[in-house]
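Q: I'm new to this one and would like a close look at a single part. Please pick one helix, walk me through how it sits among its neighbours, and then tell me what else is around it.

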Amino acid sequence: MFSTRIFRLFAARCLPILLAMVVLLGGCAAEPDAPDKGASAPDASAPVESASSQPSAPDGPSADTSAGESDVTPGGSVRYVLCTEDDLHRGDLLLVNRTAPYDASLCAGEITDVRSGRVTNIQEGTYALPIEKSLLQTMEALQTGMQQAMGDGVCLLINDSYRSAAAQQATIDEYLALYGQAYVDKYVAPVGYSEHHTGLAVDMSFYNPSNGAVMATTSAEAAAHYAWILENCRRYGLILRYPPGKEAVAGTAETWHFRYVGIPHAGYIASNDLVLEEYMDILKKTSLEQPLYITADGEAYSVYYVPATGDETLVPVPADKSYTLSGNNADGFIVTVKENG
């Protein structure tokens with residue numbers, strides 16, 4: 001049974017449609033159906049849930065990730081998730097940049113630190129470096145894959161990850177003193193505008209445990225390992241957030257800054273030479289009826305965008321398929337459906 005709040009939202013949207021249908025049926029001859037280009041109107045019999053009740057299971061490592069077309073079409077029964085304005089700022093597909101702020105206190109992940117949370121020999125640049133727990137697990141899986149392919153003589157070094165507002169200001173102050181204002185303007189976002197506030201970003205380099213050498217991502221010594229990371233990070237749901245050559249769109253180039261977005265999205269972004277801003281523009285052109293199809297490691301996904309309609313939005317999701325739901329940190333929601341799983 002709908003709550004009063006959901007009933008009011010449903011009535012406000014659907015009552016005008018129902019009245020129009022009565023008029024048309026009473027005074028007009030039947031005409032052929034036309035395809036509906038917009039989102040389907042909520043069905044009063046379809047279940048409605050709160051977005052906060054949805055499970056949030058992170059994607060795990062995949063053997064291979066590629067992007068392309070699929071002949072899978074969305075179908076089956078639909079239910080509705082009631083998303084609030086707060087839900088716009090939750091999920092793996094948040095867009096945060098110098099024009100799209102994010103409140104660091106909203107990070108919904110479980111913050112741990114690298115040293116106490118790790119289960120491998122992954123390293124850290126600062127004692128008790130804060131990191132979101134599931135992101136640490138992803139980075140450890142990435143390291144395991146790298147060492148299986150390249151040998152265990154080099155491990156990943158996490159230099160930075162989750163930052164509170166205070167930590168962001170401290171970073172600004174530190175780099176301002178070390179390198180000056182021009183460097184800060186280029187590489188360090190103002191407080192409230194950093195991806196590090198989300199818990200989804202990580203800055204990394206490499207470390208040799210045998211001699212204590214630290215190797216930057218651009219160093220010749222780490223070139224082979226870094227090439228492996230660039231080629232395979234998509235399999236773990238990670239992208240290089242600010243790749244060289246995309247400064248005009250992304251705002252900067254940083255070879256060390258990686259961002260978790262989820263396996264299908266990472267595969268599509270990497271295969272199509274996109275940055276997150278470009279991918280979000282593509283997603284805004286999709287809908288439930290016209291989704292984006294992505295194939296990742298033999299799994300078919302459909303991805304579609306639902307614009308927010310105010311303080312509350314009824315988001316259509318499949319009733320019988322696995323899916324994830326994310327806000328975009330601005331004006332809508334992205335549903336990722338696993339079509340064949």
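A: Let's start with how elements are named: helices are DSSP runs of H or I with at least four residues, strands are E runs with at least two, and both are numbered from the N terminus. Counted that way, the protein has nine helices and 15 strands. Keep in mind that this is a predicted model. Of its 341 residues, 45% count as buried, and buried here means under 20% relative accessible area. As for contacts with a separation of 6 or more, 68% of them join residues 24 or more positions apart.

Now for the helix itself, α6, which runs over residues 223-232. Its buried residues are H225, Y226, W228, I229 and N232. They sit on the same side of α6, because together they cover an arc of only 155° around the axis. The spacing helps make sense of that: an α-helix has 3.6 residues a turn, so residues three or four places apart point the same way.

What does that side touch? The buried residues of α6 pack against one other helix stretch, α3 (133-150), and against the strands β6 (155-160), β7 (201-208), β9 (238-242) and β10 (254-260).

Some of those strands turn up again in the second largest pocket. β6, β7, β9 and β10 each supply at least two residues of its lining, and so do α4 (165-179), α5 (181-187) and α7 (247-250). α4 gives the most, with seven residues. The pocket has a volume of about 920 Å³. Its lining comes to 46 residues, and D160, R163, H196, D203 and W256 lie nearest the centre. Sorted by class, that lining has 20 nonpolar, 16 polar and ten charged residues.

Further along the chain, two aspartates are worth a glance. D273 sits in the loop between α8 (263-271) and α9 (276-283), and its phi is near 55°, a positive value in a residue other than glycine. D273 is exposed, with a relative accessible area of 55%. D297 also has a phi near 55°, this time in the loop between β11 (292-296) and β12 (299-307). D297 is partly exposed, at 34% relative accessible area.

Stepping back to the outside, the accessible surface of the protein comes to about 16500 Å², and 54% of that belongs to carbon and sulfur atoms.

Note on methods. Residues are numbered from 1 along each chain as its sequence is written. This is a predicted model: local features need pLDDT of at least 70, side-chain atom pairs count only at pLDDT 80 or more; totals for chains, interfaces and linings use all residues. Side-chain values use heavy atoms; hydrogens and water are left out. Buried means under 20% relative accessible area, exposed over 50%, partly exposed in between (1.4 Å probe, protein chains only). The arc is that of the directions from the helix axis to the C-beta atoms. Contact means heavy atoms within 4.5 Å. On a 1 Å grid over the protein atoms alone, a cavity is a set of points where a 1.4 Å probe fits but cannot get out, and a pocket is an open set with protein on both sides within 12 Å along at least five of seven lines; lining residues have an atom within 4 Å of a point. Grid points are joined across faces, edges and corners, and a volume is the space filled by probe spheres set on the points. Ala, Val, Leu, Ile, Met, Phe, Trp, Tyr, Cys and Pro count as nonpolar, Asp, Glu, Lys and Arg as charged, and the others, Gly among them, as polar. Accessible areas come from the Shrake-Rupley method with a 1.4 Å probe; for residues, only the protein chains shown count as cover.
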